[in-house]
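Biologist: I should like to learn how to read the main features of a protein model. Could you guide me through one, step by step?

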Amino acid sequence: MNEFNFLQSLPAIAPEIGLVITAIVLLALDSGVPFVYAGLPESRRKGLALVTAASLIMTALVSVAVWSPTPETTGLYWGGMIRYDVLALVFKVMILFAGGITALIAVDSEGVGNKGEFYLIMVVSTLGACLISGAADLIMLFVALETTTIPLYVLAGFKRNDNRSSESGMKYFLFGSFASAILLYGLSLLYGFSGQTNLYAIAEYLSSGAFSANAFPVLAALVLILVGFGFKISAVPFHFWTPDVYEGAPTPVTAFLSVASKAGSFALLMRFLLAVFPASVVINGQEIQNFWATLVAALAVVSMTFGNVVALAQRNVKRLLAYSSIAQAGYTLIGLAAVQATATSTGAEAVAAITYYMFMYTFTNLLAFAVIIVFSEATGTEQISDLAGLSRRSPWMALVLTIALLSLAGVPPAAGFFGKFFLFNAAVQANLVWLAIVGVLNSIVALFYYLVIIKVMYVDKGKDEDKPIPISRAYLYVMGVVSVIVVLLGTIGVQPIFDWALQGARALLNV
Amino acid sequence: MIPLWMYLIVAAAVFAIGVYGVLARRNAVAILMSVELMLSAVNINLVAFWRYLTPQNMSGQVFAAFVFVVAAAEAAVGLAIVISIYRSRRSVVVEDVNLLKG
């Protein structure tokens with residue numbers, strides 16, 4: 001490890017420093033500074049959303065413009081705790097945008113948007129998710145994961161007087177802490193077998209052949225760790241919490257937790273599996289990479305199939321999006337299973353496919369949830385059947401939700417098409433044609449339930465059709481900008497974003 | 001000196017008891033206690049591995065310290081959520097908390 005240089009190490013955590021400053025500013029604005037400033041009055045707390053969003057999005061843009069890692073500066077920083085590379089930056093940018101957009105779409109949400117602590121807790125969770133995407137040490141990995149999830153437990157149960165919200169918080173907490181304990185046991189075993197906590201040092205130790213006695217303990221640790229990650233990305237069979245938490249939590253929180261914690265966990269999962277168990281790790285004649293790739297492929301198949309089939313039967317739109325997000329985790333896992341291809345160039349393409357998919361998924365899912373927030377604040381319902389006639393009540397909202405759903409379904413020109421295309425292409429390149437076929441069949445099933453919602457909005461007759469739904473100007477702008485981003489990501493934005501992700505993938509795989 | 005594998009067996013046993021508690025108990029506070037048991041098993045593992053394998057390298061002990069800190073934070077948040085559930089329903093039994101299902 002190089003000598004510690006404070007100034008050279010700073011860029012590696014520049015976005016996190018921005019987030020800490022944001023959190024302190026928010027706290028000061030909300031509760032005031034003794035003897036200096038009394039804090040915002042209750043009626044003006046909504047302005048904090050703008051402060052949060054502006055600060056997070058500025059942090060993202062400045063990090064890309066000023067602190068983008070170059071091949072010379074890529075490497076381990078802060079005593080090997082953080083790896084500074086393009087992949088981490090791509091994920092940090094999407095997480096920061098997710099936080100910023102969530103703050104904006106939370107403004108008018110009853111009991112959430114006018115509370116200063118909501119923005120503060122969300123910024124702390126964003127901080128954890130940013131740290132996850134660069135974590136390169138078991139200790140850092142664990143602390144960052146908990147920094148993301150503990151605030152999310154609070155956020156899920158944020159509406160204390162709403163029974164559904166507190167129930168969602170409790171379920172998330174119980175399942176989440178159980179999953180972290182299992183993950184942690186796996187990490188402790190991994191530490192024991194290698195005597196190291198740095199991911200890259202563990203890989204070096206394992207591939208040096210020093211640990212050659214028996215592959216079984218390492219595989220057991222790997223399985224425990226995959227169970228823990230499976231919970232975080234809500235892959236079947238570790239998905240129990242997802243529908244209940246998504247339905248009960250305040251909608252802006254659902255939006256945030258469906259994208260930020262998922263994106264962070266996928267970044268970490270990729271880094272962990274590819275850094276600690278690359279193809280060179282062979283224990284007792286067994287290639288560990290084949291083992292985890294098979295396991296991940298199996299998780300992908302069950303997650304996609306289960307998520308899509310159960311989503312068909314849902315009547316509540318938030319619950320439907322929960323099952324859809326389980327299925328989306330399944331599609332993304334296809335890419336991870338495809339990384340094991342022996343040729344490193346196709347491996348890099350698979351990593352880039354996952355990154356692109358998470359990038360477009362972040363914007364698409366937030367867009368869908370933005371519409372649901374406006375709709376349920378105006379009408380007080382989240383049932384799909386109540387969306388009937390939305391195209392007459394509010395044509396813009398219907399159009400925006402249509403774009404989001406088509407993107408989730410993978411219909412061009414929305415971004416989802418290329419997301420799925422890259423993932424399935426990676427699977428074919430890695431000789432996993434069967435996995436790609438399962439994915440395509442599942443996309444057809446998924447298309448059905450997304451189209452049903454669109455049909456309900458445009459064709460079905462609703463009982464309140466003469467009552468238009470008002471959209472405040474803030475929501476109009478946010479929904480407009482994000483839907484333009486979703487369409488751009490699927491047209492002219494594909495090449496630059498994919499190239500950026502590919503650069504990140506090369507940095508991760510060292511090719 | 002006590003060999004390393006004995007510590008590992010104890011840790012595995014404590015961990016298994018914790019898992020059983022989480023799956024079998026119906027009271028949210030008891031589930032929380034079982035999770036704490038699982039975390040203690042992790043700490044036994046970490047400290048034993050550190051002492052026997054790499055006593056010159058502090059990372060195992062540091063890891064254990066972080067597990068303590070995070071477990072405390074987790075318990076604080078968890079108990080707060082359980083109290084808010086208890087205030088509205090007068091029960092912390094997981095089966096009574098069943099508004100959301102499908």
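**Reading a two-chain model**

Modeller: In chain A, 80% of the contacts with a separation of 6 or more are made by residues 24 or more positions apart. Please bear in mind that this is a predicted model.

Biologist: What is the corresponding percentage among contacts in chain B between residues at least 6 apart in sequence?

Modeller: For chain B, 48% of such contacts join residues at least 24 apart.

Biologist: Which secondary structure elements does each chain have?

Modeller: Chain A has 20 helices and four strands. Its radius of gyration is 22 Å, close to the 24 Å that the globule rule gives for 511 residues, so chain A is as compact as a globular protein of that length. Along the principal axes, the C-alpha atoms of chain A fill a box of roughly 75 × 60 × 40 Å. Chain B has three helices and zero strands, in the order α-α-α from the N terminus.

Biologist: How does the radius of gyration of chain B stand beside that of a compact globule of 102 residues?

Modeller: Chain B has 17 Å, whereas such a globule would have a radius of gyration near 13 Å. The C-alpha trace of chain B spans about 50 × 25 × 25 Å along its principal axes.

Biologist: What percentage of the residues in each chain count as buried?

Modeller: In chain A, 63% of the 511 residues count as buried; in chain B, 32% of the 102 residues do.

Biologist: How should one describe two helices that pack together?

Modeller: Two packed helices are described by the angle between their axes and by the distance between those axes. Take helix α9 (residues 216-232) and helix α12 (residues 288-311) of chain A, which pack at an angle of about 30 degrees with their axes 11 Å apart. Angles under 35 degrees count as roughly parallel, and α9(A) and α12(A) are therefore roughly parallel to each other. Their crossing is right-handed.

Biologist: Which residues meet where α9(A) and α12(A) pack?

Modeller: From α9(A), V218(A), L219(A), L222(A), L226(A) and G230(A) meet I288(A), F291(A), W292(A), L295(A) and L299(A) of α12(A). By class, this contact has nine nonpolar, one polar and no charged residues.

Biologist: How many residues of chain A are in contact with chain B, and which helices of chain A supply them?

Modeller: There are 36 residues of chain A in contact with 35 residues of chain B. On the chain A side, α6 (138-156), α7 (163-194) and α10 (241-248) each supply at least two residues. The largest share, 18 residues, comes from α7(A). By class, the side of chain A that touches chain B has 17 nonpolar, 12 polar and seven charged residues.

Technical notes
Residues are numbered from 1 along each chain as its sequence is written. Chains are lettered from A and ligands numbered from 1 in the order in which they are written. This is a predicted model: local features need pLDDT of at least 70, side-chain atom pairs count only at pLDDT 80 or more; totals for chains, interfaces and linings use all residues. Axes are lines fitted to C-alpha atoms, for helices over the stretch in contact, and angles run from 0 to 180 degrees between N-to-C directions. Angles under 35 degrees count as roughly parallel, over 145 as roughly antiparallel, 65 to 115 as roughly perpendicular and the rest as oblique. A crossing is left-handed if the near helix is turned anticlockwise from the far one by less than a right angle, and right-handed if clockwise. Two residues are in contact if their C-beta atoms, placed from the backbone, lie within 7 Å. Ala, Val, Leu, Ile, Met, Phe, Trp, Tyr, Cys and Pro count as nonpolar, Asp, Glu, Lys and Arg as charged, and the others, Gly among them, as polar. The radius of gyration is taken over C-alpha atoms; the globule rule is 2.2 Å times the number of residues to the power 0.38. A residue is buried if 20 or more other C-beta atoms lie within 10 Å of its own, exposed if 12 or fewer, and partly exposed in between; C-beta atoms are placed from the backbone.
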